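Here are a few quick notes to read alongside the coordinates. Have a look at the structure first, then go through the points in order.

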Amino acid sequence: MEKSLTQRMDWLHTWFGLVLGWLAFALFLTGTIAVFWFEIQHWAQPELHGAKMLSPEATVQYSVDYLQKVAPDSRRWTVTLPDLERHPLLVLSWLDENNAQQFARLVPDGSGRKVTTVTNGGRFFVDFHWTFNREIQDLSGRMFQWTYMLSGFVGLAFLICMITGLVVHKKIFRNFFTFRRQAKSVQTRWLDAHNVLGVISWPFQFMIVFTGLAFYCYLYIPTGMQMAGHYPSQRPAAAVGGGGPLMLWGRYGIDAVGRVARNVVAPGNPAPNVPIVSLFAQAQAEMGVLSSFTVNNPGRDNATVRFGGTFARPDAITFTANSMTFDGATGRVISPAGNTVNAVQKVTNVFGGLHFGFFGGTAMRVLYFLCGAAGTIMIACGLVMFTAKRRAKAKSAGARRFYAFVDRMNVASVGGAMFACASYLWAIRLLPQSLSDPTGGFSGGVYASIRAVPLDLAQRSDLELYTFWLAWGVAALHAMVRAPHKAWAEQLAAVAALCIGLPVIGYLVPNCDLGSMIAAGDWKMVAVDLSGLSIGLALACASWKVSGKRVDVRVGKAVAPVLSPAE
Amino acid sequence: MYLLSTFLCAYAGFAALCAITARNVPLVWAKPPSRGVVTGLRTAGYLLLALSWIPCYLQWDVPMGTAAWVMNLAASGLALVFPFAYAPKRSVQAGGVAALLAGLVLLVR
């Protein structure tokens with residue numbers, strides 16, 4: 001029998017949606033959380049909480065004074081300025097007498113207090129979102145990694161599901177506002193929820209998945225880049241005094257500790273330098289908010305000072321960091337500000353800028369978060385619907401077994417991913433700071449990648465990741481052995497308890513309790529705690545609804561629990 | 001505050017369109033609305049959705065504002081659909097209030 005277009009698309013939507021939906025849920029969940037990764041990074045470092053920050057100019061002066069004291073004869077200083085709005089951490093690094101990299105992480109309040117907590121923080125969610133947490137070589141390293149290929153494939157499948165979803169929906173406008181929460185068939189309720197969430201947020205979902213895929217298309221289809229390597233174009237003039245390799249999208253461009261720097265310029269003769277603060281003011285007037293500066297040969301007649309803007313620009317949809325270089329001895333501008341980017345970079349700016357959502361401030365990120373959450377819930381509804389639709393119609397024992405398996409996988413993927421994320425946040429808060437690796441944290445390469453090390457050698461950042469995966473494993477096991485409708489309720493309740501507990505466990509750790517943070521006006525930190533609390537309450541409500549005490553049991557008619565197989 | 005205005009304006013637009021969607025008419029109206037009312041609400045609905053771009057533009061200019069507008073449409077739409085399933089009449093009536101508030105917020109911000 002010839003199948004219609006809709007039927008074919010329905011098949012594609014169903015099976016791509018189901019199999020890749022299990023992974024897509026985790027990617028959407030972590031991507032949604034990653035919208036606030038700077039804030040979570042701040043939340044994860046108790047030393048920074050509630051500190052009274054210096055002004056940008058005072059921070060620059062403080063950094064210069066500090067470096068003058070610890071490394072007056074260094075060939076290079078690099079300062080990563082705090083993001084006062086989102087993650088106010090000051091990172092100073094310098095080359096020691098052997099030209100090896102050293103650094104200090106400081107609270108930017110002028111007290112000289114060090115930040116000793118080394119944590120994956122919010123960055124973990126970013127990395128998980130596109131690599132499932134496995135180490136990736138830098139772009140020139142060209143190490144093939146199936147993890148980012150997999151996430152790319154999931155993204156592509158999601159894009160296909162979005163388009164096939166429109167085809168199979170058919171009544172998009174007629175059912176645009178339709179959510180029949182009291183529909184007789186359970187399937188209709190889940191279908192409506194899935195449809196409404198998907199259709200209304202469709203433009204956003206398309207934008208976010210497409211830009212994510214397009215931004216990294218050179219990873220997913222690497223041949224072009226590999227071939228381009230055979231035909232080198234004229235290289236742009238090397239920026240004077242670049243620090244370590246800048247992470248592609250990080251704010252922190254700190255090289256590995258102890259690595260001997262290359263491209264170090266021989267020192268000139270001692271000479272008075274123009275105060276860096278005045279150059280900073282000049283650069284800031286030209287480029288807006290600055291995120292870093294590098295001084296080569298400070299205090300010499302061949303000193304250069306390079307100021308860098310940030311990839312995470314709040315005022316434009318872009319992904320190119322601006323920079324400007326001065327002659328440190330005379331204050332003359334060596335290379336002026338202004339991005340000279342080619343057409344490809346301009347397009348990449350749009351993709352990267354839209355996908356990473358650094359622009360527009362907190363209000364914009366709230367929108368990103370809400371739309372991402374809508375997508376996440378939409379995937380979960382679709383997964384649940386798969387069995388809600390088919391279970392009752394299962395004709396054979398084999399089909400019933402398969403639907404029971406799908407039910408369990410749904411719990412393991414949806415409940416498990418949420419449980420793992422919540423447990424990870426608990427690990428951040430409760431693991432002792434003393435486990436931190438003092439030299440770790442800002443090494444080159446991808447930061448939050450999981451390492452296989454013996455437990456006694458594991459550091460705090462390793463243990464955080466182990467907690468994540470262990471929690472997911474436990475949740476998956478639980479989903480496999482427990483009846484699905486019970487497993488749903490229990491896992492949702494467990495995640496709810498963990499989320500509601502986030503502000504509570506803050507009281508066990510110095511400088512993390514909600515009360516004093518509100519008093520100190522550290523709203524970044526408070527917002528993370530309160531978001532956890534409200535998400536927890538919502539999940540508690542969801543758990544109660546699926547626990548069998550459902551609101552909508554028809555009088556005189558036994559209804560099987562929504563999420564269980566027809567046993 | 002601009003974002004609040006955008007949100008309310010788009011909510012009002014969606015509410016107007018929601019009220020005249022065939023499936024929802026019996027949930028919202030005691031007797032079916034006349035053709036004039038339907039046309040009026042439809043025009044008002046699309047107009048309000050379009051107008052909700054303006055506060056975004058004022059806050060963020062064209063590129064960022066348009067991105068915000070698209071995301072806000074999703075947020076307002078979902079903020080209407082789920083309450084509508086519980087209290088159809090009130091959710092739609094809230095649209096009228098939202099339209100007034102959207103203008104007010106823009107004026108006093």
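1. Keep in mind that this is a predicted model. Starting at the N terminus, chain B reads α-α-α-α-α. Put as a count, that's five helices and zero strands.

2. How does the radius of gyration of chain B sit against that of a compact globule? Chain B comes out at 14 Å, and a compact globule of 109 residues would be near 13 Å, so the two agree. Along the principal axes, the C-alpha atoms of chain B take up a box of roughly 45 × 30 × 25 Å.

3. On packing, 48% of the 109 residues in chain B are buried. If you take the contacts in chain B with a separation of 6 or more, 78% of them are between residues 24 or more positions apart.

4. For one concrete case, try B:Y11. Leaving out residues up to four places away in sequence, B:Y11 touches B:S76, B:A79, B:L80, B:G95 and B:A98.

5. B:Y11 turns up again in the largest nonpolar core, which has 149 residues. B:Y11 is listed there among those with the most contacts inside the core, together with A:F25, A:V495, B:A12 and B:A15. The top contributor is helix 12 of chain A (residues 361-390), with 18 residues. Domain 1 (5-44 + 125-216 + 355-546) and domain 2 (46-118 + 237-339) of chain A both supply residues, so this core lies between them.

6. Don't miss the second core, which is separate and has 30 residues. Its members include A:L81, A:A283, A:M324 and A:F326.

Conventions:
Residues numbered from 1 in each chain as written. Chains lettered and ligands numbered in written order. Predicted model: local features only at pLDDT ≥ 70, side-chain atom pairs only at ≥ 80, totals over all residues. Core = buried A, V, L, I, M, F, W, Y, C linked by C-beta atoms within 7 Å. Buried ≥ 20, exposed ≤ 12 C-beta atoms within 10 Å, placed from the backbone. Helix = DSSP H or I, 4+ residues; strand = E, 2+ residues; numbered from the N terminus. Domains from an automatic or database assignment. Contact = placed C-beta atoms within 7 Å. Rg over C-alpha atoms; globule rule 2.2 N^0.38 Å.
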